[in-house]
Amino acid sequence: METNTALERLKRVGADQFGIFTVAQAAAAGVDAATLEELCREFHVRFSVDGAYKLHGYDTHHDVTYALWLMLDPETPLERREPPGCGVLSHATAGDWLDTYDDGVLDVTFPLEASLPPNMANNRIHVHRANLKQDEWFIHQGVPVTTPARMVMDLLDTRDEDETAIGRRLVMLALSGMVDFDRLSVQLDGYADRQGRGDGRAFVKMLRNAARSDSALKHEWLR
């Protein structure tokens with residue numbers, strides 16, 4: 001296949017995927033491995049993660065996260081993935097996705113009864129199992145991700161991060177408009193009570209106070 005034709009096909013595949021596509025998606029579009037290699041040599045596409053590439057000209061902060069999420073089910077087009085069964089970004093990855101950070105690792109939650117995808121051998125993918133409630137996840141930038149409230153609960157329950165690190169995440173998300181502390185307090189009310197941490201408002205205040213240890217986050221509105 002001529003590279004110009006292949007490139008146009010890949011642009012259609014990657015149009016709604018931040019320019020990222022899997023090798024399986026490329027093959028379904030009629031672009032073989034040899035043509036992919038030629039496109040790489042011509043700097044039209046570049047390697048992202050094993051089994052996935054990215055077209056030049058697309059700007060996103062979440063290249064690796066998104067590529068790893070696509071590789072959970074590399075043959076299925078984006079429009080045919082049904083959340084939450086297709087995997088919901090969670091834990092630290094949820095906070096990263098709602099912000100602008102990409103640490104190259106994917107935390108993803110699947111329903112307890114769901115069959116896990118075969119591509120689970122990647123040590124950069126951390127799989128969690130839970131039946132998320134409908135109000136505990138939403139679609140952000142085309143991908144299912146847990147809410148900030150669920151992120152807080154997950155990170156504390158798994159002890160992946162302490163109160164200071166979580167508080168910093170919440171402050172940064174608030175600065176970008178992704179967290180409203182009053183709403184978050186209501187959402188965490190039951191969890192705080194079960195954990196013996198007072199009500200939701202006191203719990204959120206504790207997390208915000210923990211973030212004070214980071215001098216870069218000492219804004220007037222944190223007082």
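Here are four short exercises with worked solutions on the structure above.

The model is predicted, so local features need pLDDT of at least 70 and side-chain atom pairs count only at pLDDT 80 or more, while totals for chains, interfaces and linings use all residues. Residues are numbered from 1 along each chain as its sequence is written, and side-chain values use heavy atoms, with hydrogens and water left out.

**Exercise 1. The strands around strand 3**

Find which strands pair with strand 3, and in what sense.

Step 1. Start with the inventory: the protein has ten helices and eight strands. Both are DSSP runs numbered from the N terminus, helices being H or I of at least four residues and strands E of at least two.

Step 2. Two strands pair if DSSP finds at least two bridges between them. Strand 1 (residues 20-22) is antiparallel to strand 3 over three bridges, and Phe 21 stands opposite Tyr 53.

Step 3. Strand 2 (residues 45-49) also pairs with strand 3 in the antiparallel sense, over four bridges; here Val 49 has Ala 52 as its bridge partner. Two residues separate strands 2 and 3 in this hairpin, and Gly 51 in the turn has a positive phi of about 90°.

Step 4. Now look at the faces of strand 3 (residues 52-55): Ala 52 and Lys 54 on one side are buried, as are Tyr 53 and Leu 55 on the other. Buried means under 20% relative accessible area, exposed over 50% and partly exposed in between, with a 1.4 Å probe and protein chains only.

**Exercise 2. A buried acid**

Work out which side chain makes a polar contact with Asp 107.

Step 1. Locate Asp 107 in strand 5 (residues 106-110).

Step 2. Check for a salt bridge, meaning a side-chain nitrogen of Lys or Arg within 4 Å of a carboxyl oxygen of Asp or Glu. Asp 107 is buried yet has none, and Arg 169, the nearest side chain of opposite charge, is 7.4 Å away. In this count Lys and Arg are positive, Asp and Glu negative, and His and the chain ends are not counted.

Step 3. Turn to polar contacts: pairs of N or O atoms within 3.5 Å, where within protein one must be able to donate a hydrogen and the other to accept it, and residues adjacent in sequence count only if both atoms are side-chain atoms. The side chain of His 128 meets that of Asp 107 at 2.8 Å.

**Exercise 3. Salt bridges by location**

Place three salt-bridge pairs on the helices.

Step 1. Arg 169 and Asp 96 meet at 2.9 Å, N to O. This pair joins helix 7 (residues 163-175) to helix 5 (residues 91-98), 73 residues apart, and both partners are buried.

Step 2. Arg 150 and Asp 154 have their closest N and O atoms 3.0 Å apart. Both lie in helix 6 (residues 148-157), four residues apart, about one turn of the helix.

Step 3. For Asp 182 and Arg 201 the closest N and O atoms are 3.4 Å apart. Asp 182 belongs to helix 8 (residues 181-187) and Arg 201 to helix 10 (residues 200-210). Asp 182 counts as partly exposed because its relative accessibility is 45%.

**Exercise 4. The largest core**

Which residues touch the most other members of the largest nonpolar core?

Step 1. Such a core is a set of buried Ala, Val, Leu, Ile, Met, Phe, Trp, Tyr and Cys residues joined through side-chain atoms within 4.5 Å.

Step 2. Among its 43 residues, the answer is Trp 69, Val 152 and Leu 170. Helix 4 (residues 63-71) gives the most to this core, with seven residues.
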